[in-house]
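Colleague: I should be grateful for a close look at a single part of this model, the strand pairing, followed by whatever helps to place that part among its surroundings.

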Amino acid sequence: MSLWPSRSLSPAPLPAPSPSPSPSLSLSLSLSLSMPSLSPPSPSPPSPSQSAAPVLACRGLVVRLGSRTVLDGLDATLRPGWTAVVGPNGAGKSTWLRALAGLLPVAAGSVTLGGRPLADWAPRDRARQLAWLAQQDADAGGADLLARDIVRLARLPHTGLTGALSAADEAAVAAAMAETEATAYGARRLGELSGGERQRVLLARALAVQAPVLLLDEPTAHLDAPHQRALLAGLRQRAAAGATVVTVLHDLTLALAADRVLVLAGGRVGAEGPPSDPALRRALCEVFDHALQIVAVPGDDAAAPRWVALPALDAVQNPAPIRR
Amino acid sequence: MNTLAAAAAPRAMSPQRRLGIALLVGTALLWLAGLLAGSDGWTLSPWQALAALADPGHDWHLVVAQIRAPRTLGAWAVGALLGLAGALAQGLFRNPLADPYLLGSAAGASLAVVLVLALGTVLGAGAAAGTGIGLGSGNGVGPARDLLAAADQVGVVGAAFIGALVGIALTLMLARGAAQTLRLLLAGVVVGVMLTAVSDLVTTAVPQALRGRQSFMLGNTALLGWGSVGWLVAGLALALPLAWRLARVLDALALGEDSARSLGLPLAQLRLALVALLALATGLAVSQAGLIAFVGLVAPHLVRRCVAVTHGTLLVASAAAGGALLLAADVAARSLLAPQELPVGVLTAVLGGGYLLWLLQRRRAGA
């Protein structure tokens with residue numbers, strides 16, 4: 001979790017959704033957050049996530065991993081648009097995403113995709129609707145496969161196991177690799193790539209499915225700032241075009257750029273709403289033990305978390321601000 | 001090969017094509033060498049050998065056409081099946097150290113061989129002779145003779161094949177299907193240990209079976225005849241195209257189980273199909289030539305070092321590399337200490353172990 005050094009010496013325990021932030025705040029924030037490509041679309045019309053029909057819905061969802069109940073009666077509705085799922089470590093974010101992708105047995109409750117229970121979908125049909133990106137772990141396999149061959153696997157739901165890739169399939173692969181700027185590594189083994197390069201290949205793999213629903217677990221992990229921005233701008237475009245994008249993000253700065261933020265805590269949805277919603281901001285602060293405040297970025301419609309300074313960090317003389 | 005080839009002509013030929021040509025040429029040369037090498041060393045010229053193969057009136061026809069040719073083809077086919085099985089196992093378990101015997105096939109086949117040999121001894125078979133390691137026709141009486149006749153009909157080869165399949169079936173039962181890799185792997189270990197213990201028990205009771213068991217476990221290509229070749233080639237012709245069709249499952253599996261399932265693959269069924277192919281390839285190879293070590297482990301490694309390919313190509317190339325490896329070992333086993341013959345399993349173990357050691361040293365050196 002990134003800590004944002006702040007020069008503010010008087011951290012208030014309450015969120016500050018004030019329309020006129022103090023000058024000192026605006027200084028620290030303009031340093032910490034400048035995401036021109038992520039600026040939201042015009043604020044006036046209702047965001048698509050509020051009007052469109054639900055795509056994925058969970059009712060009383062209970063998921064157990066071993067003896068642990070990770071999701072405990074979770075209710076949520078996901079509509080077209082970009083939803084960022086946030087929450088403390090162990091809140092069940094990744095588990096929920098896997099359950100949404102139909103990869104986990106459901107102990108109770110239901111997950112529906114387009115109104116139909118997820119389990120009723122034929123695997124291949126479901127795979128064309130839902131693209132899932134795993135959280136990248138260090139010992140992920142596929143090290144001996146070429147990056148391009150890995151992205152090509154995304155077309156399996158379209159071609160079937162033995163079908164050849166058509167020109168359209170190859171075009172989808174090329175487009176996805178171009179979008180994540182992974183084209184240059186096409187002919188290299190996955191195991192030879194750096195973490196960020198690997199992530200871009202795996203992202204391209206998820207995007208190349210061309211599914212209307214994207215379930216991405218920490219898609220910005222290992223990416224440098226420009227690629228994080230480019231990725232999220234691309235996701236936002238897809239969402240604006242009607243896709244349902246669900247991202248688990250531990251980086252609140254990035255999460256607050258989403259159309260909607262969904263706070264997961266204790267295996268349930270703690271709060272949900274657009275980033276501007278004061279109730280959501282309060283819930284965020286509570287969930288993270290008041291270790292942060294959320295403030296508006298002046299001259300921009302975005303909001304950003306401001307981490308309450310740690311004593312140890314305060315002791316450092318003139319900590320350099322982290323630039324994004 | 002990597003660096004050498006890359007230095008030679010980077011634009012002329014893709015690494016895949018280069019490996020393909022190397023394997024084809026190497027295999028052709030090894031087939032020829034297989035006709036030339038005998039227990040008397042290298043006495044024939046290539047032309048003489050080919051002439052002897054083609055001409056039934058040739059002095060050497062019997063040796064070349066009825067002994068060396070089937071042995072050569074058979075050794076190659078056994079190696080190819082093991083190479084294929086090794087690539088399947090490594091893909092299936094997402095582990096480059098997996099080998100074809102992992103699922104209890106080796107222990108199952110050994111036990112079956114031991115049981116047949118012990119049965120033959122106990123039921124009063126005289127001199128053992130016959131297929132493979134050998135089993136006599138019965139001189140017992142009554143039901144004993146019937147039993148023995150049945151065992152004889154199945155023979156050591158059939159018993160080993162069935163034993164290998166039973167071993168894998170037991171593993172699948174213990175693991176409750178092929179849905180979970182780790183459970184499958186552990187069940188394979190359990191079956192291996194248990195069946196080996198039973199084999200030990202039987203050989204303790206019937207020490208006469210010990211020799212046969214040992215020669216089975218060492219592996220032997222010397223007794224492969226045209227009959228064996230027929231079975232082996234038929235098995236290869238069946239397993240290889242099927243494996244090719246299922247190869248993309250292994251590609252997807254490399255990304256992780258969840259990723260593979262998120263791509264709409266019914267993994268439990270597909271894994272079962274892959275295990276069945278693995279069982280067929282391993283069972284056939286083991287039944288004809290015993291437990292040849294390391295070929296299944298090393299062949300896919302060699303291929304992966306040379307080229308980065310998807311599993312379709314990897315499976316085919318591993319089969320080709322496995323065939324070439326075992327045939328090379330077989331030729332060496334025949335001729336290194338002629339007229340003495342080395343057990344080919346010892347040679348493959350030395351070669352395979354040496355290769356892995358070299359790999360380890362390179363890794364340590366930071367290559």
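Modeller: A:Val63 has A:Leu71 of β2(A) as its bridge partner; please bear in mind that the model is predicted. A:Val63 and A:Leu71 thus introduce the pairing of β1(A), residues 56-65, with β2(A): eight bridges join the two strands, which run antiparallel. The pair belongs to an open sheet of four strands in chain A, ordered β2-β1-β4-β5 and paired in antiparallel fashion. The edges of this sheet are β2 (68-78) and β5 (116-117) of chain A; each has a single partner strand, so one side of each is left without a neighbour in the sheet.

Turning to chain B, a helix packing may be described in similar detail. Two packed helices are described by the angle between their axes and the distance between the axes. For helix α4 (residues 61-92) and helix α13 (residues 311-335) of chain B, the axes come within 6 Å and cross at roughly 140°. Because angles over 145 degrees would be needed for roughly antiparallel, α4(B) and α13(B) count as oblique to each other. Their crossing is right-handed. The contact of α4(B) with α13(B) comprises 17 nonpolar, nine polar and one charged residues.

Finally, the two chains meet in a contact that takes 23 residues from chain A and 20 residues from chain B. On the side of chain B that touches chain A, α9 (226-254) and α10 (257-262) of chain B are the elements that give two or more residues. The most comes from α9(B), with six residues. By class, this side of chain B divides into eight nonpolar, five polar and seven charged residues.

Conventions. Residues are numbered from 1 along each chain as its sequence is written. Chains are lettered from A and ligands numbered from 1 in the order in which they are written. This is a predicted model: local features need pLDDT of at least 70, side-chain atom pairs count only at pLDDT 80 or more; totals for chains, interfaces and linings use all residues. Two residues are in contact if their C-beta atoms, placed from the backbone, lie within 7 Å. Ala, Val, Leu, Ile, Met, Phe, Trp, Tyr, Cys and Pro count as nonpolar, Asp, Glu, Lys and Arg as charged, and the others, Gly among them, as polar. Axes are lines fitted to C-alpha atoms, for helices over the stretch in contact, and angles run from 0 to 180 degrees between N-to-C directions. Angles under 35 degrees count as roughly parallel, over 145 as roughly antiparallel, 65 to 115 as roughly perpendicular and the rest as oblique. A crossing is left-handed if the near helix is turned anticlockwise from the far one by less than a right angle, and right-handed if clockwise. Two strands pair if DSSP finds at least two bridges between them.
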